[in-house]
Amino acid sequence: MPGFSALDHAHMARALRLAELGLLTTNPNPRVGCVLAHAEGIVGEGWHQRAGEPHAEVFALRAAGGRARGATAYVTLEPCAHYGKTPPCADALINAGVARVVVASEDPFHKVDGRGLEKLRVAGIAVDSGLMRDAARDLNRGFFSRIERQRPWLRVKLAMSLDGRTALANGESKWISGEAARADVQHWRARSSAILTGSGTVLADNPRLTVRWSGQVAFRPPTRVVLDAKLRTPADANVLDGSVPTLLLHGQEVQPADQRYARVELVPLAAPNGRFDLAEVLRILAERGINELQVEAGSTLNGAWFAAGLVDELLLYVAPVILGDQARPLLALPRIEEMTAGRRLRMVDQRQVGTDLRLLLRE
């Protein structure tokens, strides 16, 4: 890795902050920021705002105009080298006469994957990569997961009492967490490409699985995904209202008998014994451009994701309430006989949200 200066770090940090401005709007594209600078002086900057619209480099070059010549471009992801919905950004940087390009992370997408950097080098531009790579990849962990692993980044969202319970024995769960925590969840929904639940949760809680915010915040509505092997979802379920794109995955041997599902997309899938292959579910969602998948389901489905080893991240809200040992548990998992067999998670972030504690953990 080349030696990067403090100035390089400062400009790339700015580019990453710009990239974050597209956190809720770029799906299925990655969030990308770009800074054009002569030494410490920034002459242009931009970020990718929406899929199908110009990339970060284009906005930065427009802002810089003729001052882009001889500048250094700091980009959080390798400039594209192909014609998609927009022309190649590598060509735009070359034509603008930039002298150097510093990239945080290479782009593994098969139409880029080193071609952008190579095109810049062939044009005589100095290219350095790897500056703040981990931060750039984390910002786009869903995109990298979809491209490199052919499955979305899977985040399970849960709220529990101090004694690890998610609902009373009769199923009542509104509300374990406080108002601030429930508002915080809307941010995580908005950054997700899709929100997934099971038919059991639909029958018990009739959730909408939509982003609900007061005020004007731009976001791309996440797709709703319902796993319903036996097509039990009732006709008046909120997830069938057609307000946002919805996928309903069902057992391929079960066919809809009426028009209740007319406003959603039905996806038949093998479901022996009423259970889906969850890895296959993720593959199907990746093919549809789902980067980050947030699961909001019951203990059985949540436990199945963990048992299959498919959970990347756990978003857990802990409320200062005790519900007792007759209340429903957090996850339904096979019995563990030895402490060494327990699943150890790594703490990524912890903070208080209203009266609750929010934990972000990864495998």
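In the predicted model, glutamate 313 forms a salt bridge with arginine 155, and the closest N and O atoms of the pair are 3.1 Å apart. The contact links distant parts of the chain, since glutamate 313 belongs to strand S13 and arginine 155 to strand S6 (residues 153-160), with the two positions 158 residues apart in sequence numbering. Both glutamate 313 and arginine 155 are buried. Glutamate 313 also forms a salt bridge with arginine 141, for which the closest N and O atoms lie 3.4 Å apart. Because glutamate 313 lies in strand S13 (residues 313-318) and arginine 141 in helix H6 (residues 141-149), this second pair ties together parts that are 172 residues apart in sequence. The relative accessibility of glutamate 313 is 0%, and this residue therefore counts as buried; arginine 141, with a relative accessible area of 8%, is likewise buried, the cut-off being under 20%.

A further salt bridge is formed between arginine 189 and glutamate 296, whose closest N and O atoms are 2.7 Å apart. Arginine 189 is located in helix H7 (residues 179-191), whereas glutamate 296 is located in the loop between strand S12 (292-295) and helix H10 (299-307), so that parts 107 residues apart in sequence are tied together by this pair. Arginine 189 and glutamate 296 are both buried. Through salt bridges that share partners, Arg31, Asp138, Arg141, Arg155, Arg191, Glu292, Glu313 and Arg362 are joined into one network. Over the whole structure, the search finds 27 salt bridges.

Some members of this network also appear in the lining of an enclosed space. The structure holds one cavity of 30 Å³ or more, and the volume of the largest cavity is about 80 Å³. Its lining includes Arg31, Arg191 and Glu292, together with Thr26, Asn27, Asn29, Pro30, Asn140, Gly142, Phe143, Ser193 and Asn291. Sorted by class, the residues that line the largest cavity comprise two nonpolar, seven polar and three charged residues.

The largest pocket encloses about 1400 Å³ of space. It is lined by 48 residues, and those nearest its centre are Thr201, Asp205, Glu296, Ala297 and Gly298. Two or more lining residues are contributed by each of S6, strand S7 (165-167), H7, helix H8 (199-205), H10 and strand S14 (328-329). The lining of the largest pocket is made up of 18 nonpolar, 17 polar and 13 charged residues. Glutamate 296, which lies among the residues nearest the pocket centre, is the salt-bridge partner of arginine 189 described above.

With regard to nonpolar packing, the largest nonpolar core has 35 residues, and those with the most contacts inside it are Leu196, Leu227, Leu249, Val281, Leu293, Trp305 and Leu316. Helix H9 (residues 278-287) gives the most to this core, contributing five residues. When neighbours within four places in sequence are set aside, valine 281 is in contact with Leu196, Leu227, Leu249, Leu269, Phe276 and Trp305. Another core, of 25 residues, lies apart from the largest one and has Val43, Ala64, Leu77 and Ala96 among its members.

Several features of the backbone may also be noted. Most residues other than glycine have a negative phi, and most peptide bonds are trans. The peptide bond from asparagine 27 to proline 28, however, is cis, with omega near 5°, and proline 28 is placed in the loop between helix H1 (6-20) and strand S1 (33-38). Asparagine 27 is also one of the residues lining the largest cavity. Methionine 132, although not a glycine, has a positive phi of about 60° and is found in the loop between strand S5 (126-129) and helix H5 (133-139). The relative accessible area of methionine 132 is 28%, and the residue is therefore partly exposed. Asparagine 273, again not a glycine, has a positive phi of about 60° and lies in the loop between strand S11 (265-269) and H9. With a relative accessibility of 79%, asparagine 273 counts as exposed.

Notes
Residues are numbered from 1 along each chain as its sequence is written. This is a predicted model: local features need pLDDT of at least 70, side-chain atom pairs count only at pLDDT 80 or more; totals for chains, interfaces and linings use all residues. Side-chain values use heavy atoms; hydrogens and water are left out. A salt bridge is a side-chain nitrogen of Lys or Arg within 4 Å of a carboxyl oxygen of Asp or Glu. Helices (H or I, at least four residues) and strands (E, at least two) are DSSP runs, numbered from the N terminus. Buried means under 20% relative accessible area, exposed over 50%, partly exposed in between (1.4 Å probe, protein chains only). On a 1 Å grid over the protein atoms alone, a cavity is a set of points where a 1.4 Å probe fits but cannot get out, and a pocket is an open set with protein on both sides within 12 Å along at least five of seven lines; lining residues have an atom within 4 Å of a point. Grid points are joined across faces, edges and corners, and a volume is the space filled by probe spheres set on the points. Ala, Val, Leu, Ile, Met, Phe, Trp, Tyr, Cys and Pro count as nonpolar, Asp, Glu, Lys and Arg as charged, and the others, Gly among them, as polar. A nonpolar core is a set of buried Ala, Val, Leu, Ile, Met, Phe, Trp, Tyr and Cys residues joined through side-chain atoms within 4.5 Å. Contact means heavy atoms within 4.5 Å.
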